[in-house]
Amino acid sequence: MTMDAIQHQTSAGGAEPVAQRGASLWADARRRLARDRWAMLCLGIIAFYVLLALGGAMYEALAAPEGGIPTFEETINFDQSYRPPSLDSLRNLLGTDWAGRSVLLKTVLGAKVSLTVGLMSNLIAVPLGLMLGAAAGYFGRRTDAVIVWLYSTMASVPGIVLLIAMKYAFKNVTFLGLNLGGIHGLYIALGVTAWVGTCRYVRAEVMKVRELEYVLAARAVGRGNVMILLRHVLPNVLHLGIISFSLGVVGAITAEVTLSYLGLGVEVGMPSWGTMIDGARMELHAGRWWELASAVGAMFLLVLALNIFGDRLRDALDPRLKNV
Amino acid sequence: MMGMNTQPGDALLEIRDLRTHFFTDDGVVKAVDGVSFSVPRGKTFALVGESGCGKSVTAFSILRLLPMPPARIVSGSIHLDGRDLLGLSPGQMRQVRGGQVGMIFQEPMSSLNPVFTCGSQIAEAVMLHARTSAREARRRAIDLLAKVGIPEPAQRFGEYPHQLSGGMRQRVMIAMALSCSPRLLIADEPTTALDVTTQAQILDLLGDLQERENLGILLITHDLAVVAQTAHVVGVMYASKIVELTSAADLFSRALHPYTQGLFRSLPRLGVRGRRLETLGGSVPNPLNFPTGCKFHPRCATARMVARTMNESDTVVVTTETGPVRVPARCASQEPPLRQEQPGHSVACWHARAADQADAPPAEEEQQ
C-alpha cells in the first residue's frame with residue numbers, strides 16, 4: 001500500500017511537476033521565534049493564562065448558580081473573611097476576601113476578563129487601524145487627509161476621558177443585543193480609542209510599500225487599485241497588525257484594570273483585577289495584602305510576558321534583523 | 001472613429017510628438033517635450049540618455065503608469081498596432097498593460113512581492129488576462145519559467161523572491177511580463193542592477209525571445225554597451241527631447257550630435273592607453289529652467305569650436321557652470337529641430353556637419 005502511494009505520487013509528479021514550497025517571511029519568523037528562549041517562555045506564560053481563563057469560563061458556566069449572574073454573591077461566607085494565604089486548601093491558597101471568597105478563584109476569573117477585554121478590543125482596533133491606515137497610505141490625497149484628521153482628533157482627546165465619556169453616554173443603552181454601558185461598551189470604547197497607533201504605523205509603511213517596484217509591476221501587468229492594495233500592499237504590512245495586536249492587548253488589559261479601579265470598567269460584581277485592586281486598597285493598612293498582591297502579581301506577569309513576546313515577535317518579523 | 005485613428009505603416013508602436021509635463025508647485029517640469037519615434041515589429045528600439053533626460057517618463061507614459069496629477073500627457077499620440085492608447089479608458093488601459101504590452105523594471109530585487117512565491121505571481125499575471133483555471137495558470141507559469149531559462153522550473157515555482165539571485169529574479173520578471181504573449185516589451189533599464197555576466201545573459205535571453213516571439217522591445221538604458229549588444233534603432237535623448245535618431249550601426253560608426261559624440265568619447269577604449277577619459281563638462285540642465293535655444297549649447301564643444309571660426313557679431317557669450325563661453329548666436333536662441341541629415345539618420349543640431357568633421361580625428365585614431 002505504501003508502495004502504491006509512492007508510485008501514485010511519482011506518477012502524479014511526472015504528469016504535473018510538483019512545486020516545492022520555500023520558506024516564506026512567516027515561516028522564517030516562526031523559525032527564528034522558536035529559537036528564542038525568552039519568546040518561548042513568554043508564549044508559555046501567555047498560554048497558561050489562556051488556559052486559566054478558559055478554565056474560569058468553564059467554572060462560571062458550570063458552577064455559577066442558575067439564573068444568577070456569574071458572581072460570588074451566593075458564596076458569601078463571613079466566617080471565612082480575610083483568611084490569609086495558607087497551604088491547607090486550594091481554595092485558601094491565596095487567602096480570602098472580605099466576603100470569604102477565594103482570592104485564587106477571583107484571580108483566575110480576572111484573567112478571563114482581562115484576556116477577553118484585550119482580545120475583543122484589539123479585534124476592533126487592529127482591523128480598523130489596518131484598513132484606515134492602508135487606505136490613507138495607498139490612496140493619499142483626500143482619503144489620507146480625512147483619515148489623518150480623524151486620528152489626529154482622536155489622539156488629541158485623552159483616551160481615558162473619552163472612555164469615561166463613552167461609558168456614561170452609553171449607560172444602560174443596548175444595541176443589537178450588546179450592552180453598551182457594560183462590558184461590551186468597554187470593548188468598543190477601548191477598540192475605537194486604540195486604533196490610532198496601528199493606523200499611523202500602517203499608513204507610514206504603506207506609503208513606503210506603494211512606491212516599491214512590485215506595486216508598479218502589478219500595475220504594469222494590469223492590476224487595479226483595490227486588488228493591488230489587497231494582494232500586494234496589505235500582506236506586506238500585515239506584520240505590523242500582528243505586532244500591534246500583541247502589544248495592544250497589554251494596553252487594553254491595563255486600561256481595563258485602570259477603569260475598573262475607577263469603577264468604570266466591568267459590571268459590579270464581575271471579578272476583575274481592577275475591581276480586586278480597588279476593593280483591596282482600603283484593606284492594606286489592616287495588613288491584608290494578599291488580594292492586592294494576587295491581582296497585581298497576576299497582571300504583572302501577564303503584561304510582562306505579552307510585552308516581551310510582542311517585542312521578540314517584532315524582531316522576528318523585521319527583515320532587517322534577518323540572520324542576526 | 002477607430003478608422004480615423006489607425007495609422008498606416010508597419011511600426012508596432014508609433015509615438016508622435018509626445019509631451020508629458022509635471023505640474024508641480026515649483027512650476028511645470030517638461031519631462032518629455034515633443035518626442036517622436038517608432039518601434040518596429042520584432043526589433044529593438046533603444047532610448048538612451050542620462051538620468052533625468054525623460055527616457056523613463058516616455059516609457060511610463062505609454063502605459064500611463066505615471067502619478068497623475070502631477071503628471072499629465074499634454075499632447076501627442078501613442079499608437080500600438082494602430083490603436084490610439086491615449087484614447088483608452090482606464091479599464092481598457094488595464095487590459096493593455098500586461099496584455100499587449102509587458103514591462104520589466106530596473107530593480108529585480110524590489111520588483112517581486114516578497115510575500116508570495118515567484119510562481120504564484122506569474123500565475124496571477126496569467127489569470128489576470130487569460131481566463132484560465134488556477135491549475136492551467138500554474139502549468140503556464142512553469143512553462144514560462146522554463147522559457148526564460150530557469151532551471152528546474154517546477155521547483156522554482158514554489159520559491160520566494162529572496163531565495164533567488166538578481167539575475168533569476170529578472171528572469172522571473174521577464175516571465176511575468178511575457179505571461180500573456182505581448183507584442184511589445186518595455187524594458188526600463190533591465191540590466192542596470194545586475195553584474196556584467198548576468199547582464200549579458202539577460203540581454204541574450206531578450207534577444208532569443210525577440211526572435212522566437214517576434215517581440216518588439218523598447219529598451220530604456222543609459223548604457224551604450226547594452227545598446228551596442230541589442231538595439232536595432234536608437235534614439236538619444238537629452239533634456240526631454242530626442243537629439244539623434246538612427247540605426248544602431250550608424251550611431252556607433254558615425255554619431256552626428258555633439259552630445260552623442262561626447263558620450264562616446266567618455267567611454268574607455270580598448271587598446272588606447274594612458275589617456276584620461278574625456279568628460280562632458282557641466283551637468284544636466286534643470287528641467288524647470290532649461291537653457292534657451294539648443295538645450296545642449298552651454299556644454300557643447302562643437303558650438304565653441306564653430307564660434308571661433310565665425311564673425312564675432314554672429315556669436316554670443318553665455319555664462320555656464322564652467323564660466324563664460326562664446327557660442328554661435330543661433331545655438332543660444334533657436335532650438336534646432338530633429339531633421340534628417342543623412343538617409344535614416346536624424347539629428348537636432350545646427351552644426352551637425354561641423355560636429356561630424358570635429359569627431360573624425362578620434363575615430364581615425366581608433367582605427368590605428
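Sheet of chain B. I looked up the strand order in this predicted model. I find an open sheet of eight strands in chain B, ordered S6-S7-S8-S3-S9-S10-S14-S13, and the pairing is mixed. I noted the edges next: strand S6 (101-104) and strand S13 (339-342) of chain B each have a single partner strand, so one side of each is left without a neighbour in the sheet. From one strand to the next, the twist averages 20°.

Edge at S13. I checked how S13(B) pairs with strand S14 (residues 345-347) of chain B, and the sense is antiparallel, over three bridges. For Arg339(B) I find Val347(B) as the bridge partner in S14(B).

Edge at S6. I looked for what lies across S6(B) and found helix H7 (residues 166-177) of chain B, which also lies across strand S7 (184-188) of chain B. I record an angle of about 165° between H7(B) and S6(B).

Contact between the chains. I count 23 residues from chain A and 31 residues from chain B in the contact. On the side of chain A, helix H8 (residues 213-220) gives the most, with six residues. I sorted the residues of that side into 12 nonpolar, seven polar and four charged.

Confidence in chain A. I read a mean pLDDT of 77, with 81% of the residues of chain A at 70 or more. Among the elements of chain A, helix H5 (residues 141-156) has the highest mean, 89, and helix H1 (residues 2-15) the lowest, 41. Over residues 1-22 of chain A I see pLDDT below 50, and this stretch has 16 contacts in the model beyond near neighbours in sequence. Residues 66-70 of chain A also stay under 50, with four contacts beyond four places in sequence.

Conventions:
Residues are numbered from 1 along each chain as its sequence is written. Chains are lettered from A and ligands numbered from 1 in the order in which they are written. This is a predicted model: local features need pLDDT of at least 70, side-chain atom pairs count only at pLDDT 80 or more; totals for chains, interfaces and linings use all residues. Two residues are in contact if their C-beta atoms, placed from the backbone, lie within 7 Å. Helices (H or I, at least four residues) and strands (E, at least two) are DSSP runs, numbered from the N terminus. Ala, Val, Leu, Ile, Met, Phe, Trp, Tyr, Cys and Pro count as nonpolar, Asp, Glu, Lys and Arg as charged, and the others, Gly among them, as polar. Two strands pair if DSSP finds at least two bridges between them. Axes are lines fitted to C-alpha atoms, for helices over the stretch in contact, and angles run from 0 to 180 degrees between N-to-C directions. pLDDT is the predictor's confidence in each residue, from 0 to 100.
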